[in-house]
Amino acid sequence: MAKTKKSEAEIISEAMGLLGSRKTEAKREAARRNGAATRWQAKPLSEFECRCSAGPDSADSAHKSYCPRGRAYRRRNVVAAK
Ligand SMILES: [Zn+2]
């Protein structure tokens with residue numbers, strides 16, 4: 001029944017681990033606020049500058065692959081198809 005004695009450092013480390021992982025309402029609230037501030041928002045395709053002959057009012061799929069708007073449209077549709 002020999003209990004191995006923990007060193008002071010081990011005891012402190014364990015205690016701090018417990019304190020640090022404790023979830024409080026204030027922590028949840030802070031995480032929510034931080035998340036809301038940094039969450040990525042997709043830019044509307046109409047905000048992408050058109051540099052091809054399709055024109056800014058054309059359908060998104062009509063833009064060429066070198067046009068920023070066409071590139072954004074294709075990138076999003078590749079992601080959505082997965
Ligand atoms: Zn274009």
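**Questions on a predicted helical model**

User: Where in the protein is Asn-77 placed?
Analyst: In this predicted model, Asn-77 sits in helix α3, which covers residues 68–81.

User: Why does Asn-77 count as exposed?
Analyst: The cut-off for exposed is 12 or fewer other C-beta atoms within 10 Å. Asn-77 has 11 such neighbours, so the residue counts as exposed. As for its surroundings, Asn-77 is 16 residues from Ser-61 in sequence, and their C-alpha atoms are 9.9 Å apart.

User: What makes His-63 count as buried?
Analyst: Buried calls for 20 or more other C-beta atoms within 10 Å. His-63 has 25, and is therefore buried. This residue belongs to the loop between α2 and α3.

User: Which residues is His-63 in contact with, leaving aside neighbours within four places in sequence?
Analyst: They are Cys-50, Cys-52, Ala-54, Ser-58, Arg-69, Gly-70 and Tyr-73. Thr-38, 25 residues from His-63 in sequence, is 30 Å from His-63, C-alpha to C-alpha.

User: Why is Pro-68 called partly exposed?
Analyst: The class lies between the two limits, 12 or fewer for exposed and 20 or more for buried. Pro-68 has 15 other C-beta atoms within 10 Å, so this residue of the chain is partly exposed. Pro-68 is also part of helix α3.

User: What does Pro-68 touch, not counting residues up to four places away in sequence?
Analyst: Pro-68 touches Phe-48, Glu-49 and Arg-51. With Phe-48 the C-alpha separation is 6.1 Å, although 20 residues of sequence lie between the two positions when counted from one to the other.

User: Why is α1 said to lie largely in the open?
Analyst: A buried residue needs 20 or more other C-beta atoms within 10 Å. Among the 14 residues of α1 the number buried is 0, so the helix lies largely in the open. For α2, the number buried is likewise 0 of 14, and therefore α2 lies largely in the open.

User: How do you know that the span of α2 agrees with its number of residues?
Analyst: The expected span is 1.5 Å times one less than the number of residues. For the 14 residues of α2, 25–38, that gives 20 Å, and the end C-alpha atoms are 20 Å apart, so the two agree. The check on α1 reads 20 Å expected and 20 Å between the end C-alpha atoms, which agrees.

User: How many helices and strands does the protein have?
Analyst: There are 3 helices and 0 strands, and the order from the N terminus is α-α-α.

User: Why is the protein called more spread out than a compact globule?
Analyst: For 82 residues the globule rule gives 12 Å; the radius of gyration is 26 Å, well over that value, so the protein is more spread out than a compact globule. The C-alpha trace spans about 80 × 30 × 20 Å along its principal axes. Buried residues are 4% of the 82. Of the contacts with a separation of 6 or more, 12% join residues 24 or more positions apart.

User: How far apart do the C-alpha centres of domain 1 and domain 2 lie?
Analyst: The centres are 43 Å apart. Domain 1 covers 9–38 and domain 2 covers 45–81.

User: Where is confidence lowest, and where is it highest?
Analyst: The lowest is α2, with a mean of 83, and the highest is α1, residues 8–21, with 88. Over the protein the mean pLDDT is 86, with 91% of residues at 70 or more.

Methods:
Residues numbered from 1 in each chain as written. Predicted model: local features only at pLDDT ≥ 70, side-chain atom pairs only at ≥ 80, totals over all residues. Domains from an automatic or database assignment. Helix = DSSP H or I, 4+ residues; strand = E, 2+ residues; numbered from the N terminus. Rg over C-alpha atoms; globule rule 2.2 N^0.38 Å. Contact = placed C-beta atoms within 7 Å. pLDDT = per-residue confidence, 0-100.
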